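Colleague: I am new to reading models like this one. Can I ask you how each label is earned?

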Amino acid sequence: MSGTDDTGAPAAPAPAPAPAPAGTAPRTRTRPPNGAGPPPERVEEHGGGDVRTGRRIRQVRELGILLALVLLVAVTALASPGFLSGQSVRDLLLGATLLTILAVGQSMVLITRNVDLSVGSVMGLSAFAVGLLFVSFPGLPTPVVMLAGVLVGTACGVVNGVLVAAARVPALVVTLGTLYMFRGIDFWWASGRQVNAADMPEGFLGLARISLLGIPLPAAIAAAVVLAAGWYLRNYRSGRELYAVGSEPAAARLVGIPVDRRVFAPFVVNGSLAGLAGVLYAARFGTLDATVGTGLELEVVAAAVVGGVAIFGGSGTVYGAALGALLLSAIDAALPMLRVDSFWQQAVVGLLILISIGLDRLLALRTARRLRGGGSRGA
Amino acid sequence: MGPEVDTPGTSAAPAPPARPRTGARTGAALRSLLHTREASIIGALIASVLAASLLVEGFASGRNAGFLVLDVAAIALIALPMTLVIITGEIDLSVASTLGLTSAVMGQLWVLGVPLETIVPLCVLLGAVLGAVNGLLVTVAGLPSLAVTIGTMALYRGLAYVVLGDRAVADFPFSWTGGATARLPGTDLPWVALLIAVLAAVFALVLHATPVGRSLYAIGSNAEATRFSGVSVRWTKLWLFVASGTVAGGAGVFWTLQYGSARADNAFGLELSVVAAVLLGGVSIFGGRGALPGVLAGVLLLGTIRNALRLADVSSDVLSIVTGLLLVVSVVLPTTLARVRARRPRPAPPS
Amino acid sequence: MRPSRPAPSDSPAQAKESEPIMRERIRFGVTAAALAGVMLAASACGGTTRGDDGGSGAGSGGSTAEADPDAEIPEGLAISFLPKQLNNPYFTVADAGGKEAVEELGGEFKEVGPSEATASSQVSYINTLSQQGSDVIVLAANDPNAVCGALNQARQAGSVVVTFDSDTAPDCRDLFVNQATAKDIARTQVEMIAEQIGGEGEIAFLSATPNATNQNAWLELMEKELAKEEYSGIEVVDTVYGNDDDQKSFNEMQGLLQTHPDLAGVVSPTTVGLAAAARYLSSSDYKGEVALTGLGTPNQMREYVENGTVEEFALWDPANLGYLAAYSGASMSAGRITGEQGQTFEAGRLGEYTVRADGEIVLGPPTVFNKGNIDDYDF
């Protein structure tokens, strides 16, 4: 997955972790960063030049995860050299693919101060739809089926989005409800059937085995998703506005941002990405029943939170979320290698989440202090 | 989305729908809405019990009522403190994991030869400590409870596996396991119904009849203002999380004895059922609104529908669709109605 | 507080509390303590430790009435199947076998069950079946003890309880229909691998988790079987654990073949492990060189049997298992047997069966699947 671009991230010109919340930018003024900032100062987009402190904080935050990841990999590799073999790295990337894609979509929803708990059910529904299409219409070309799988996810996303943005119902409640509903539909539809590898064309199952420059195709797709979402959030007006909506919905509405549309869109994108994850799941595992993706939602939120996406909106980047997903997957893979009892795994993940949000809190306090220390505070 | 923790001013904007945006009239409108919500959930409960008694063979019997109560016992217990937590605008997603960890510790201590009379209070105490950890992270460290309790949900469940692995401890004495599901003398109701009733009365008394309880609504609506008005927001919230953990620990003991099996994966996923029941009962996820009778009705409504549909041989797939639909409709309907009403220039219709 | 955004108000952290009101605090504390007290009081009495009165007790055991081998099986017996979870293809097939038997007997078949494989949700269904007055409950238990209380209540209310696939504690059911004895399972696998590698060479085991009870029992019995004179040419060189995880099993298989260049065969007594191992083998150079066998499902293995990766593997036929369970329950309900050791009964097309100790009935040796018969099975 994003392993490639992430490892490049902090060293190279930093595909800029998204700006500090746009909402705060005009209000705060800091002293210039004394040239200590990262070299590529192609920063003067709209929003003013002083998002840098915030951005540096984000970078520190994401560097922290990266450091943890590197440390984990290094320690594991020392203890068990096989961990860095080509196959093992490929498997790690492949294993992190689904979580990364889901974490990217979830981050976009979280940034607008919403949450989507139904992703696990949506992914399961889409995966089963893919399998069933292959069984029912053996002649259907693979790309059509894949597209259909993504569209199933999109449709689920639209349902969530309409309920949250148009009916103005709290996202936590809506998506908790649709978590049950989509899963129920999946069970009802599958009614005990299972789709097996033999039912699907070799070309489709082979997708997971294709490598581009040594990177498995699904991982490359995940990396592309991360880059595209990161690019959109940073460089498009509507992308920046997601941060504004999440930071201060009332203010966002007052300055004329179409808040409902900005809340709606991430749900649709997230649904589509969950659909894509379902398609990739089908290609990779080949055995599909109605339980695919059960309980995944909290792991996805955890990946985003560990990656520095604030659970109350307005801050965080998809790069961070992708790193979070990679770190969680790496922990999964490393613990058995380190001969740590696999029973410890969940406890470690829980601890990591707590450390992450604690760290975020500290960084936020420091930023606040520094911003104030910088003198003039805006209204 | 998640509960508002600070600056309540922001919460007026798009997300929290049920809270009308303008001043004086809204207080009354909100109160009437609250009444209708409560009344409609209780009405729905009565209607579904009547319908099930008439239409579903085997529903209207004391034996079945006993089964129904045992089915929802853990959810009902945990929903009580959860209601108070959500009213203050926080949430506790770690309850099911607290239950699981308590159960695992209970099993391990039993294997080590500790007498049950010591184990039970220890386990309830453990629940209190786990709740206090949540509470401290939320109040002292100032972290959002949604994120904190997702973290401790993973942490506590993980520790449960560390303690007991994938083993199950099941050789508890029958006098205890049978006792857990024993019926009240002369009735088909399990004694836990009495425990739930007593606890519910205590929580309802605290919530609705004491200054502390009323301050919970104030905290949920506007934490900052409440703080200035002299209520210790921090202490109140800390105690609520402790109460939540304590009850979850007690529910862990009960669950273990009810099923006679201590396992690390006991009650996995129960937190979502609890939250669903509380929200169905009319508590606002943004805090400041809700009442205990509604929540109990919500718990019983879910239990009744599931019990009746099972007796009518409706497949479990449909059960989960119904649960989800009920939850969404219960929130969409009143908020949409409220908006329609608010759009009209005329004052809100009398309720 | 929002974790990573400068707080808009004066104080970044929680504002210092205004004078805490001690009275309130104390009253709250007392309330909480009282709550704890209520809970303690509710559950405290004597001084019970482990060993005081052991076991979970209760359960009246089988009926004491005499068996009447010639008793009629009445028409319209309500026979209900309660699998570990619905939507599991294995149980779908098993329950279909049960349905076949119930229809032959002129009874009423019903299949109910939870969507998630937990004991607590099974208890709800046992209670429902008991309330409906089901004559026979055929159950695959998710936990050997957690369902006991409910089962005993159902038995007191007049239901016959038959377990299949996964047993409960013997004192809370009437009969257990076992798919195969551990000995049979071990012997069949040893016979298959010995034949496939020509009676000599190095072999290895790919198991599930290191502490899975049934896996370890089978491994031990296989080692015992291999110690026999006729298998003296076969040497077990390694046992690895794939944790019943597709990816991990895949990697472990790869590792085995790399570390043991002279490996002649691999036995994987777990369906997940066998499928993953076959997938690795089919795309590697070892295909056809290294023999692979174990326990698997025909649908998952069909592809690999057809392309020659796997010659034959074994499992019981779940349809026959369900069929036998239905006949056992009906025979007991009619009074043909009472669950005593040595009683025999007729099970339709499967012929005569004998009740063993503890009310156990064994289906027979596992079914071996190969190119010749695999297409007759769909599960």
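Colleague: What is the mean pLDDT of chain C, and how many of its residues, in percent, reach 70 or more?

Modeller: This is a predicted model. The mean pLDDT of chain C is 81. Of its residues, 83% reach 70 or more.

Colleague: Where in chain C does pLDDT stay under 50?

Modeller: One stretch is residues 35–46 of chain C. The model has 19 contacts beyond four places in sequence for that stretch. Another is residues 53–63 of chain C, with 27 such contacts. pLDDT is a confidence that runs from 0 to 100.

Colleague: Which scores does the model as a whole get?

Modeller: The model scores ipTM 0.79 and pTM 0.78.

Colleague: Why is C:Asn251 called buried?

Modeller: Count the C-beta neighbours. The cut-off is 20 or more other C-beta atoms within 10 Å. C:Asn251 has 22 inside 10 Å, so C:Asn251 counts as buried. C:Asn251 sits in helix 7 of chain C, residues 246–259.

Colleague: How far is C:Asn251 from C:Pro269, in sequence and in space?

Modeller: In sequence, they are 18 residues apart. In space, the C-alpha to C-alpha distance is 17 Å.

Colleague: What share of chain C counts as buried?

Modeller: Chain C has 379 residues, and 54% of them count as buried. Chain A also gets a value: 59% of its 379 residues count as buried.

Colleague: What makes strand 1 of chain C largely enclosed?

Modeller: Strand 1 of chain C covers residues 78–82. Four of its five residues are buried, so strand 1 is largely enclosed by the rest of the structure.

Colleague: How do you know that strand 1 of chain C pairs with strand 2 of chain C?

Modeller: Pairing needs at least two bridges. Four bridges join strand 1 to strand 2, residues 108–111, of chain C. That meets the cut-off, so the two strands pair. They run parallel. C:Ile79 stands opposite C:Phe109 in strand 2 of chain C.

Colleague: Which bridges join strand 1 of chain C to strand 3 of chain C?

Modeller: Four bridges do, and these strands run parallel too. Strand 3 of chain C spans residues 136–139. Here C:Leu82 stands opposite C:Leu139.

Colleague: What holds paired strands to each other?

Modeller: Strands of a sheet pair through backbone hydrogen bonds, either parallel or antiparallel.

Colleague: What makes strand 1, helix 2 and strand 2 of chain C a right-handed β-α-β unit?

Modeller: Point the strands away from you and follow the path over the helix. Clockwise means right-handed. Helix 2 of chain C, residues 89–104, belongs to this right-handed unit with strand 1 and strand 2.

Colleague: Which strands are the edges of the sheet with the order 7-6-8-9 in chain C?

Modeller: This is an open sheet of four strands with parallel pairing. Its edges are strand 7 (234–241) and strand 9 (291–294) of chain C, and each pairs on one side only. Neighbouring strands are turned by 25° against each other on average, direction ignored.

Colleague: How do you know that strand 6 and strand 8 of chain C are paired?

Modeller: Use the two-bridge cut-off again. Four bridges join strand 6 (residues 201–207) to strand 8 (residues 263–268) of chain C, so they pair. C:Glu202 stands opposite C:Leu263 in strand 8 of chain C.

Colleague: Which strands does helix 5 of chain C touch as it packs on the sheet?

Modeller: Helix 5 (residues 182–196) of chain C touches strand 6, strand 7, strand 8 and strand 9 of chain C. Its direction makes about 170° with that of strand 9 of chain C. Helix 8 (residues 271–282) of chain C packs on the sheet as well, touching strand 6, strand 8 and strand 9 of chain C. For helix 8 the angle with strand 9 of chain C is about 165°.

Colleague: Why is helix 12 of chain A called largely enclosed?

Modeller: Helix 12 of chain A runs over residues 296–306. Of its 11 residues, 10 are buried, so helix 12 is largely enclosed by the rest of the structure. Among the buried ones are A:Leu296, A:Glu297 and A:Val306. A:Gly308 follows the helix, with a positive phi near 90°.

Colleague: How many residues does each chain bring to the contact of chain A with chain B?

Modeller: Chain A brings 50 residues and chain B brings 47. The largest share of chain A's side, 15 residues, comes from helix 6 of chain A. That side divides into 35 nonpolar, eight polar and seven charged residues.

Definitions and conventions
Residues are numbered from 1 along each chain as its sequence is written. Chains are lettered from A and ligands numbered from 1 in the order in which they are written. This is a predicted model: local features need pLDDT of at least 70, side-chain atom pairs count only at pLDDT 80 or more; totals for chains, interfaces and linings use all residues. A residue is buried if 20 or more other C-beta atoms lie within 10 Å of its own, exposed if 12 or fewer, and partly exposed in between; C-beta atoms are placed from the backbone. Two residues are in contact if their C-beta atoms, placed from the backbone, lie within 7 Å. Ala, Val, Leu, Ile, Met, Phe, Trp, Tyr, Cys and Pro count as nonpolar, Asp, Glu, Lys and Arg as charged, and the others, Gly among them, as polar. Axes are lines fitted to C-alpha atoms, for helices over the stretch in contact, and angles run from 0 to 180 degrees between N-to-C directions. pLDDT is the predictor's confidence in each residue, from 0 to 100.
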